[in-house]
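Dear colleague,

I am handing over the structure we spoke about, together with a summary of what was found in it. Please look through the sequence and the structure first, and then read on.

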Amino acid sequence: MTKTTHTVNFTLNGEKKTFGTRPDEKLLTLLRREGYRGTKYGCGQGTCGACTVLVDGRATYACLLYAMQAEGRTVRTIESVGTFDKPGEFQKELVAAGAVQCGYCIPGMVMSATALMETEEVFEDEIVKEYMDGNLCRCTGYEKIWVALRKTLDRQASAPAKRAGKKSSSKGSKK
Ligand code: FES
Ligand code: FES
């Protein structure tokens, strides 16, 4: 059990929360300790993307951010996007495409795709790759993940009402 010495306040999946923490604790450790296990520990060094969450709407490696740096910010984990019983659109397409093998990379992939879909208005391949290039998969060869993502994006692009109010950005989010 982690001995906490400080508190941190942030909005997590739409709810204001206060957590005990320590100055040296990473956001990933705190989230998993508090039960948000959908966010995965992979490399722990900012290279694999398994720990990707959204911080103020930007895809962020939770293994690199200190928990206390989340103070006052808005954090979203995979639990806010879809669950096993109620998957999101991209998650459904991933399953349909047979893109989920071990599945370890999938929550991070979904969070980067969520940042993309909630930020951009057009989904040109170069923009999509910029958002997704920080997420590694050791199983699938990426092809099926790409097919699933392209289907999801094409459907979203043909639903203009859903895009209303989205802020435009030509730059992918950086981790
Ligand atoms: S665990 Fe690999 S980037 Fe965070
Ligand atoms: S499905 Fe196994 S790492 Fe991506």
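Of the contacts in the protein with a separation of 6 or more, 63% are accounted for by residues 24 or more positions apart. Please keep in mind throughout that this is a predicted model. The protein holds six helices and five strands, and from the N terminus on its elements follow the order β-β-α-β-β-β-α-α-α-α-α. Buried residues make up 41% of its 175 residues.

The sheet

The five strands form an open sheet with mixed pairing, in the order E2-E1-E5-E3-E4. Strand E2 (15-21) and strand E4 (58-61) are the edge strands, each of them pairing on one side only, and the twist from one strand to the next averages 45°. As a general reminder, strands of a sheet pair through backbone hydrogen bonds, in either a parallel or an antiparallel sense.

Beginning at the E2 edge, strand E1 (residues 6-12) pairs with E2 in the antiparallel sense over seven bridges, and within this pair Leu12 stands opposite Glu15. The hairpin of E1 and E2 has two residues between the strands, and in it Asn13 takes a positive phi near 50°. E1 also runs parallel to E5, to which two bridges join it, and here the bridge partner of Leu12 is Val75 in E5. Leu12 is thus matched with Glu15 in E2 and with Val75 in E5.

Further along the sheet, strand E3 (residues 52-55) and strand E5 (residues 74-76) pair in the antiparallel sense over two bridges, with Arg76 of E5 as the bridge partner of Leu54. E3 pairs with E4 as well, in the antiparallel sense and over four bridges, and Val53 stands opposite Thr60 in E4. The hairpin of E3 and E4 likewise has two residues between the strands, and in it Asp56 takes a positive phi near 50°.

Is Glu15, which is found in strand E2, buried or exposed? With 8 C-beta neighbours inside 10 Å, Glu15 counts as exposed, because a residue with 12 or fewer such neighbours is placed in that class. Although Glu15 and Arg76 are 61 residues apart along the chain, their C-alpha atoms are separated by 10.0 Å.

The helices

Helix H3 (residues 106-119) lies across E3 and E4, and runs at about 30° to E3.

In helix H2 (residues 89-96), the residues Phe90, Gln91, Glu93 and Leu94 are buried. Seen down the axis of H2, these buried residues fall within an arc of 160°, and therefore they line one face of the helix. Among the elements that cover them are H3 and helix H5 (143-157). After H2 comes Gly98, which has a positive phi near 70°.

For H5, one can ask how the span of its 15 residues compares with what is expected at 1.5 Å a residue. The expected span is 21 Å, and the end C-alpha atoms of H5 are 21 Å apart, so the two agree. The buried residues of H5 are Ile145, Ala148, Leu149, Thr152 and Leu153, and because they cover an arc of only 130° around the axis, they lie on the same side of H5. On the other side of H5, Glu143 and Asp154 are exposed. The cover over the buried residues of H5 includes H2, H3 and helix H4 (125-132).

The core

The largest nonpolar core has 45 residues, and those with the most contacts inside it are Leu27, Ala62, Ala70, Val110 and Ala113. Two or more residues of this core are given by each of E1, helix H1 (27-33), E3, E4, H2, H3, H4 and H5. Which element gives the most to this core? That element is H3, with eight residues. H3 therefore comes up in several places when one goes through the model: H3 lies across E3 and E4, H3 is included in the cover of the buried residues of H2 and of H5, and H3 gives the most to the largest nonpolar core.

With best wishes

Terms used
Residues numbered from 1 in each chain as written. Chains lettered and ligands numbered in written order. Predicted model: local features only at pLDDT ≥ 70, side-chain atom pairs only at ≥ 80, totals over all residues. Pairing = 2+ DSSP bridges. Axes fitted to C-alpha atoms, helices over the stretch in contact; angles between N-to-C directions. Contact = placed C-beta atoms within 7 Å. Buried ≥ 20, exposed ≤ 12 C-beta atoms within 10 Å, placed from the backbone. Arc of directions from axis to C-beta. Expected span 1.5 Å × (residues − 1). Core = buried A, V, L, I, M, F, W, Y, C linked by C-beta atoms within 7 Å.
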